[in-house]
Each structure stands twice: as C-alpha cells, then as structure tokens.
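Trainee: Please take a close look at one part of this structure for me. I would like to go through the largest cavity and its lining, and then see how the strands and helices elsewhere are arranged.

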Amino acid sequence: RHAEIKAGLCAHSRNQVVGCTRCIDVCSSGAIRPAGNSAEIDPHLCLGCGGCHTVCPTGAVQYAYPRPSDIGLRLRRMLAAYAAAGGKDACVLFHDGKVGRELLLRLGQQGKGLPARVIPLEMHDVAATGLDVLLGAVVFGASQCVVLHPSSEPESYIEALHKQTGFGQTVLSALGYGGRHFDLIEADDHAVLQDAVWNLKPADGVRQPAVFNLPDEKRRSIEFSLEHLAQHAPLKPELIPLVAGAPFGQVKLDKVKCTLCMSCVGACPTHALTDTPDMPRLKFIERNCVQCGLCVQTCPEGALSLEPRLLLGAEARQDKVLNEAEPFDCVRCGKPFATKQMIQTMVGRLSGHSMFAGDEALKRLKMCADCRVVDLIRTEDSVDVRDLPPGK
C-alpha cells in the first residue's frame with residue numbers, strides 16, 4: 001500500500017548468495033523479508049515510513065505515493081516562489097505530520113517562530129528523506145536542509161539519515177560548496193527546536209537553480225543533481241573518495257587470481273559488470289555500480305573488492321576492461337571454450353586428485369563439454385562414436 005519493490009532492480013541476492021540487506025535491516029516493523037533473489041514487503045506490516053526507499057542503493061524500493069517526483073516538484077516550486085519574493089539562503093526543514101507539526105505550531109504560538117529563511121516541508125515520515133530528496137532540494141536553490149525528528153524515532157532510521165546526509169555533505173564539500181548543508185535536529189520540545197533553528201548558519205548554494213523535475217528512478221534523480229552541482233561547482237574534482245556503505249564506487253580486480261569465469265557478471269544486478277561474447281573479456285561501467293557486494297561474494301577466487309568513491313564526468317559512463325585473456329581451444333575439436341589461465345588453474349588443482357591420476361583424465365579437462373562426453377564414452381567402450389553408422 002505504501003511502497004513497492006521492483007524485483008529486477010533488487011540487489012538482495014543471486015544464486016543463494018546474499019548481497020544487499022539495507023532495506024531489511026532498516027525496517028522497524030519487520031515488514032520486509034527475503035523472497036528469493038529479491039526482498040518483499042508485507043503490506044499488512046508496512047507503516048509507510050519510507051526508510052527502505054532511503055537506503056535502497058538501486059531504487060528498487062519506491063514510495064507508491066508521494067513519489068520522489070511529487071516531492072521534487074513541491075520543492076522546486078516552493079523554492080522558486082521563495083526566490084521570486086526576494087528570499088535568500090533558503091533552509092528546508094523536513095518534518096513529519098505528527099510530532100514535527102505539533103512542535104512547529106507550539107514554536108509559533110509560544111516561541112519566536114521560525115526564521116524567515118527556514119521553510120517547513122511536511123513528510124509522511126522523515127525517514128523517507130533520502131539522498132535523492134536532499135540533493136534535489138540543494139540543486140533547486142536551498143542552501144541547506146534540516147531533518148527534524150523526535151527522540152522516539154527508531155534508531156535504524158536515524159543511523160540511515162546520518163549516512164545519507166554524510167554522503168551528501170562529503171560530495172558538496174569536495175565540490176567546493178562551503179558550510180554545512182545537511183543536519184539533523186532531535187527535539188521533543190519547542191524550546192529545543194527554537195535554539196537549533198535560530199543558530200543555523202547558511203551554507204553556499206548553487207548559483208543557478210535547476211529547472212528539471214526529479215525523475216522517479218532514484219539513481220537517475222541523484223545523477224541529475226550531481227551533474228548540476230558539478231557544473232556550477234567552485235571546484236572541479238574528477239574523483240571524490242567516499243566511506244564504506246556509499247552507493248557509488250568501483251570494483252577492483254586482482255588479475256592474478258581472476259580466471260574470467262564470469263560468475264560476477266551473472267551475479268551483478270545492475271549490469272555494472274559485463275562480458276564480451278566473442279572473447280574472454282570482463283568490462284565494468286562505474287555509474288551502474290551500487291556497491292552491493294554480490295560480485296565479491298560470488299567470485300570463487302576472491303579476486304574482487306569494492307572501493308567506494310564518486311567518479312565524475314564521462315569516464316563513469318564508459319565501460320573499461322578489467323581483465324581479458326587468450327582463449328583456450330579444445331584439444332579435440334579446436335573450438336574455443338575457456339581461457340588458458342582457467343584451464344591451467346583447473347589442471348593444477350585437480351592433477352593430484354585420484355579421479356584425474358591418468359594422462360587421459362587430465363587431457364579431458366582440456367576439452368569442451370561436448371568432446372568431454374564423447375571422449376568418456378570412447379574410453380569406456382573403446383569405440384569412437386564418430387565411427388558408428390547413423391542411428392547406432
């Protein structure tokens with residue numbers, strides 16, 4: 001009722017290997033559980049907090065309503081109206097419709113109210129204030145964003161919000177935007193809220209607010225915002241290091257260990273890792289990588305590792321070759337079916353096994369699947385099936 005999961009985008013697991021569990025870990029009501037290669041939401045337990053959408057790196061989990069595009073449209077129109085009226089250094093205050101709304105009413109009735117530049121925006125639950133929403137507010141003209149939450153907010157949501165604001169602040173600081181752009185305010189009393197909001201200091205915003213609408217696809221939304229921020233940034237770094245758990249980064253490969261078995265390609269849910277049909281070649285597209293770790297967990301050789309970072313520019317969209325090798329031809333029919341390194345590794349590991357003690361058995365490892373069966377039958381029956389007449 002509140003959220004939906006697109007199973008094709010989910011990075012939870014592949015082939016019984018578990019990768020991403022962010023939505024399952026953050027859910028305070030236990031409404032999300034594993035369901036094969038993806039997660040599933042029990043609509044009778046879901047409270048609609050939106051924390052799952054906030055932490056999902058691929059955007060597989062999405063609010064049914066309000067959608068990210070709806071929130072983005074409200075932000076863009078609100079900040080445009082504020083700027084048109086002569087407002088400067090806008091600060092968006094995200095709050096919920098219960099505790100947060102009541103605190104704001106008390107602040108207006110019994111306190112100083114809000115500073116003129118602080119604009120409240122009500123959310124169903126502040127746990128849904130993810131990186132796509134926060135960056136969207138900044139590119140639409142906000143100098144900073146503040147999330148108001150009560151002390152009763154589940155700890156998992158607070159931790160998730162700290163990580164989201166941390167990722168965003170790291171990027172903005174690296175791009176040269178000065179000041180603190182994101183903050184969390186914990187308050188159960190209007191006096192505490194008053195002290196916090198009146199002590200906020202404006203941060204540097206974009207010179208030219210964006211005019212696009214935020215798409216519903218989370219990754220595209222963040223990419224749009226990052227491109228706009230980078231375009232108008234005081235600094236132009238090509239690479240921004242991030243902390244572990246960030247939804248951006250690269251996959252590092254140890255070529256010595258890699259046998260180009262391509263198990264990582266089959267495990268990757270976002271097509272960040274791809275192969276080439278005509279030869280053994282492993283390629284990587286960084287913009288597609290969400291750092292779910294499925295490739296690392298799947299690799300039988302332990303040849304892969306993750307490096308969280310944000311690569312800006314066209315290079316992130318281009319595929320780069322991580323490893324390639326010379327094909328190995330079947331010793332019986334001459335058809336390429338593997339890499340030389342893979343065959344050498346397999347022969348080296350199995351040469352001491354009792355089932356591969358003879359030269360014929362080891363030679364069979366150097367054959368393609370079809371020839372291996374033919375050779376096994378020929379050895380057992382002492383008859384080459386190719387010499388038999390048709391139908392025999």
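Mentor: What follows starts with the largest cavity and then moves on to two sheets and a pair of helices. Bear in mind that the model is predicted.

Rolling a probe the size of a water molecule over the atoms shows where empty space is left. Searching the whole structure in this case gives six cavities of 30 Å³ or more. The largest cavity holds about 120 Å³ of space. Its lining is made up of 19 residues, and those closest to the centre are Cys27, Cys46, Cys49, Gly50 and Cys52. Two helices take part in this lining: helix 1, residues 22-26, and helix 2, residues 51-55, each supply at least two residues. By residue class, the lining has 13 nonpolar residues and six polar ones, while no charged residue is found in it.

Next come the sheets. One is an open sheet of four strands, in the order 8-7-9-10, and its pairing is parallel. Strand 8 (118-123) and strand 10 (182-186) are at the edges of this sheet; each has a single partner strand, so one side of each has no neighbour in the sheet. From one strand to the next, the twist averages 25°. For a closer view, take strand 7, residues 91-96, which is joined to strand 8 by six bridges in the parallel sense. Within that pairing, Leu93 has Pro120 of strand 8 as its bridge partner.

Another open sheet has three strands in the order 11-15-12, with antiparallel pairing. Here the edges are strand 11 (239-241) and strand 12 (249-253); each has a single partner strand, and one side of each is therefore left without a neighbour in the sheet. The twist in this sheet averages 45° from one strand to the next. Strand 12 and strand 15, the latter covering residues 304-311, run antiparallel and are joined by five bridges. Gly249 has its bridge partner in strand 15, namely Pro308.

Last, the helices. Two packed helices are described by the angle between their axes and the distance between the axes. Helix 5, residues 131-139, packs against helix 6, residues 155-174, at an angle of about 40°, and their axes are 9 Å apart. Helix 5 and helix 6 therefore count as oblique to each other. The crossing of helix 5 with helix 6 is right-handed.

Methods. Residues are numbered from 1 along each chain as its sequence is written. This is a predicted model: local features need pLDDT of at least 70, side-chain atom pairs count only at pLDDT 80 or more; totals for chains, interfaces and linings use all residues. Side-chain values use heavy atoms; hydrogens and water are left out. On a 1 Å grid over the protein atoms alone, a cavity is a set of points where a 1.4 Å probe fits but cannot get out, and a pocket is an open set with protein on both sides within 12 Å along at least five of seven lines; lining residues have an atom within 4 Å of a point. Grid points are joined across faces, edges and corners, and a volume is the space filled by probe spheres set on the points. Ala, Val, Leu, Ile, Met, Phe, Trp, Tyr, Cys and Pro count as nonpolar, Asp, Glu, Lys and Arg as charged, and the others, Gly among them, as polar. Two strands pair if DSSP finds at least two bridges between them. Axes are lines fitted to C-alpha atoms, for helices over the stretch in contact, and angles run from 0 to 180 degrees between N-to-C directions. Angles under 35 degrees count as roughly parallel, over 145 as roughly antiparallel, 65 to 115 as roughly perpendicular and the rest as oblique. A crossing is left-handed if the near helix is turned anticlockwise from the far one by less than a right angle, and right-handed if clockwise.
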